Amino acid sequence: MLLKVEELRVSFSVRTGWPFPETHELRAVDGVSFDVREGESFGIVGESGCGKSTVARAILRLVDSKSGRVVFSGIDITSIPARHLRRLRPRLQMIFQDPAASLSPRMRIGDALAEAIRVHAIASGPDIDALVRNALAEVGLPPESANRFPHEFSGGQKQRIGIARALVLSPSVIIADEPVSALDVSVQAQILNLMARLKKERNIAFVFISHDLGVVRHFCERTAVMYLGQIIETGSTRNLFDAPKHPYTRLLRSVSPVPDPEKPAHLDVEEGEPPSPLNPPSGCRFHPRCRFVTDICRSETPDLRPVGAGFVACHHAEALPPAES
Amino acid sequence: MSEALTIDRRVRRLPPGRVAIIAGAAIMAIVAAAAILAPLVAPHDPYAQSMLARFRPMSAEYWLGTDQFGRDTFSRILYGLQITLWTAFASTALAMLCGTSIGILSGYYGGRVDRWLSAANDLLMSFPQMVAGIIIVALLGPGITNLIIAIAITAFPAFYRMARSAALALRERDYIDACRVLGYSDMRIISRHLLPETLDDIIIVATLWLATAVRTESSLAFIGLGAPPPAATLGGLVREGFDNLLDYPGLAIWPSLAILVVMIGLNLMGDGLRDANDPRASA
C-alpha cells in the first residue's frame with residue numbers, strides 16, 4: 001500500500017460567544033481511514049465544509065492532526081521530525097484549487113521550477129534547465145514560458161504550471177484538492193486528461209478531492225463520500241454511482257446532473273443544510289436530513305461496515321429500497 | 001476601437017503618485033547633495049568662532065548671517081543637514097532591519113512568542129514618539145549613536161507591525177503552503193517567498209518614517225537631547241537661534257525652513273510611492 005490513512009482526526013478550537021467566549025472543539029476530520037495503491041486514483045467527495053480539504057492538508061502536514069496515522073510507503077509521516085519529512089516531500093505532492101494563488105507571484109516560472117529541483121538536489125547546472133523544459137513540455141507549455149511570470153498565464157495554464165512544478169520532483173502520489181473547480185469547463189477537461197495521462201504514463205497515484213461527482217466519476221477508480229468529517233460510504237466509483245447505498249450518497253448523486261437527456265431528472269432531495277460541525281447531531285450525523293430516519297439513527301452512531309461490494313455507515317443500508325436512477 | 005484604446009493608454013501613462021515621487025525625489029536629491037558635498041560647498045568652517053563677526057546680517061560673505069559666536073549660519077545648516085540626514089537614515093535603516101525581520105518571524109511562526117512580542121510592541125506604540133524618544137535618550141545618555149538608537153526604537157513598532165501583519169496574511173496563502181509541500185525550509189520560504197512580497201510596503205513606510213525621524217531628531221535637539229554641542233544639527237541650530245529669536249529671528253528661521261524642505265521632500269516621496277503602489281488608486 002502506497003498511502004494509508006488510519007483513523008485520522010483533526011480538530012480546531014473555535015472561540016465563540018460574547019461577552020464570555022467559550023472554546024469549542026470543531027472536529028473537522030473525525031476518524032477517517034482509507035488507502036491508496038500505486039498508480040490508483042482515489043476520490044473524496046462531499047459538500048463544502050465536510051472536511052475533505054482538511055484531510056488533504058492533514059496528510060501533507062499543512063495542519064496538525066490530533067490523532068491517527070498517515071503511512072506513506074511504510075513510514076508514519078505524522079510523527080517524523082520536519083527535517084525528515086522535507087526529504088520525503090518530493091514524493092508526495094499537491095495540486096491546489098486556485099492555481100493563481102499557488103504560485104509565488106514574483107518568481108518566473110522557470111525559477112520556481114528550478115528552485116524545487118535545486119532544493120532537493122535532483123539535478124545541477126545545465127541539467128536543471130533541461131528538466132524544467134521537459135516538465136513544461138510534458139504539461140503542454142512552450143519552453144518560453146520559463147521566462148514569464150505567473151500573472152501572464154490563464155487559469156488553465158497556471159494549473160499546468162502547478163502540475164509541472166510537482167512533476168519535476170517525480171512524485172508517487174499527488175493530492176489534488178479541487179484541481180479543476182476554479183477552471184472553465186472546457187479547460188477542466190484538458191487538465192483532467194493531462195492528469196489521466198500522467199497517471200498512466202508515470203504511474204502516479206492521485207488523491208482527488210472534489211465536490212463535482214461527474215469529475216470524480218471520470219477520473220477515479222475508488223471513491224469515498226464524506227459528511228461532517230466522516231466517511232459515510234466508500235467503494236469502487238462505478239458501484240458508488242450505480243448503486244449508492246447511503247441516503248446521503250443518493251442525495252449527492254441525484255443533485256448532480258445526469259448526462260443522459262432522455263432520462264428524466266429525478267431529484268431525491270432532502271431539505272436543509274448540513275448541520276454545524278461544532279455541534280454535530282447525535283447518532284448518525286445525517287439523521288436530521290434523512291428520509292429514512294428511525295429511532296436507532298438518532299441514538300447510535302453507525303460504523304462503516306461492509307455492505308455489498310463497498311463500505312457504508314448506515315443502520316439501514318440493506319433494508320433501504322434500491323436507489324432510483 | 002483604436003481610439004478607445006489610445007485614450008485608455010494615455011490615462012495609464014500617468015500613474016498615480018508619479019508627480020509627487022518626482023518632485024519629492026528632486027528635492028531630496030538636492031538636499032542630499034548639499035549635505036554630502038558640504039565640505040566643498042560651505043563657504044566657511046561651521047565651527048570657526050569669531051568674536052568680531054557676531055550676529056552679522058545676510059551678506060555676500062555670510063549668506064545667511066552669523067550666530068552669537070560668529071559662525072556662518074549657511075555653513076552650519078549644510079553640516080547640520082549632514083548629521084540630521086545621517087541620523088534619520090541610520091535610525092530608520094536600523095528600525096527597518098530589526099522591525100521587519102522580527103515582525104516577519106513573529107507573524108510567520110505565531111504562538112506565544114508572537115503574542116508577547118505584539119504586546120510589548122503595543123506598549124511601545126502607546127507612548128507618543130517624543131515621550132518615548134526623551135525617555136530613551138535620557139536613559140542612554142547623549143551622543144549621536146545613542147540618538148540613532150533612540151529614534152530607531154521609536155520607529156521599530158511601525159515596521160514590526162507592518163511586517164507581522166503582512167506575514168500573518170501571506171502565510172495563509174496557497175503559495176506558501178505550496179512551498180511547504182515542495183519541502184522548502186522555513187528560512188527559504190521567509191526570505192525568498194515572503195519577504196519580497198512585503199518589501200514594497202516596507203520601503204514606503206521607511207520613506208515616511210525617514211521624515212518622522214528627521215522631525216524626532218529635530219525635536220529632541222530642540223529640547224537639548226540631541227547631538228551635544230558644538231555639533232551642528234538642524235534641531236540644534238533652531239534651539240541655538242531660539243535664544244535670540246526676537247533680535248535675530250533668522251538664526252532660528254533658516255534652519256527651520258531647512259527642516260521644512262526636508263520634510264516636504266520625504267513626505268512627497270512617501271505619499272507618491274504609496275499612491276503608486278495602491279491598487280485602489282489606479283482603479
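This passage describes the interface between chain A and chain B, the nonpolar cores and several individual residues of a predicted model.

Because the model is predicted, local features are reported only at pLDDT of at least 70 and side-chain atom pairs only at pLDDT 80 or more, whereas totals for chains, interfaces and linings use all residues. Residues are numbered from 1 along each chain as its sequence is written, chains are lettered from A and ligands numbered from 1 in the order in which they are written, and side-chain values use heavy atoms, with hydrogens and water left out.

The interface joins 25 residues of chain A to 18 residues of chain B, contact being defined as heavy atoms within 4.5 Å. The size of an interface is often given as the accessible area lost when the parts come together. Here the buried area, that is, the accessible area (1.4 Å probe) that two parts lose on being put together, summed over both, is about 1,900 Å², and carbon and sulfur atoms give 53% of it. On the side of chain A, the residues A:Leu62, A:Arg106 and A:Glu115 supply 27% of the area buried against chain B, more than any other three residues.

Five salt bridges are found across this interface, the criterion being a side-chain nitrogen of Lys or Arg within 4 Å of a carboxyl oxygen of Asp or Glu. One of them pairs A:Arg57 with B:Asp177, the closest N and O atoms lying 2.7 Å apart. In addition, 10 residue pairs (both at pLDDT 80 or more) are in polar contact across the interface, a term that denotes a pair of N or O atoms within 3.5 Å; within protein, one must be able to donate a hydrogen and the other to accept it, and residues adjacent in sequence count only if both atoms are side-chain atoms. Strand S6 (92-95) and helix H3 (109-119) of chain A each supply at least two residues of the side of chain A that touches chain B, where helices (H or I, at least four residues) and strands (E, at least two) are DSSP runs, numbered from the N terminus. Helix H3 of chain A gives the most to this side, with four residues.

The largest nonpolar core has 77 residues, and those with the most contacts inside it are A:Leu113, A:Val132, A:Ile163, A:Met195, A:Phe208, A:Tyr248 and B:Phe159. Such a core is a set of buried Ala, Val, Leu, Ile, Met, Phe, Trp, Tyr and Cys residues joined through side-chain atoms within 4.5 Å, with buried meaning under 20% relative accessible area, exposed over 50%, and partly exposed in between (1.4 Å probe, protein chains only). Not counting residues up to four places away in sequence, A:Ile163 touches A:Ile95, A:Val139, A:Ile191, A:Leu194, A:Met195 and A:Leu198.

In chain B, B:Thr92 is found in helix H4 and counts as buried, at 3% relative accessibility; its side chain reaches the backbone oxygen of B:Ala88 at 2.7 Å. B:Ile102, found in helix H4 (residues 73-109) of chain B, is partly exposed, with a relative accessible area of 33%.

Two residues of chain A that are not glycine have a positive phi: A:Ala121, at about 50°, and A:Leu228, at about 45°. A:Ala121 counts as exposed at 61% relative accessibility, whereas A:Leu228, in the loop between strand S9 (222-227) and strand S10 (230-236), counts as buried at 4%.
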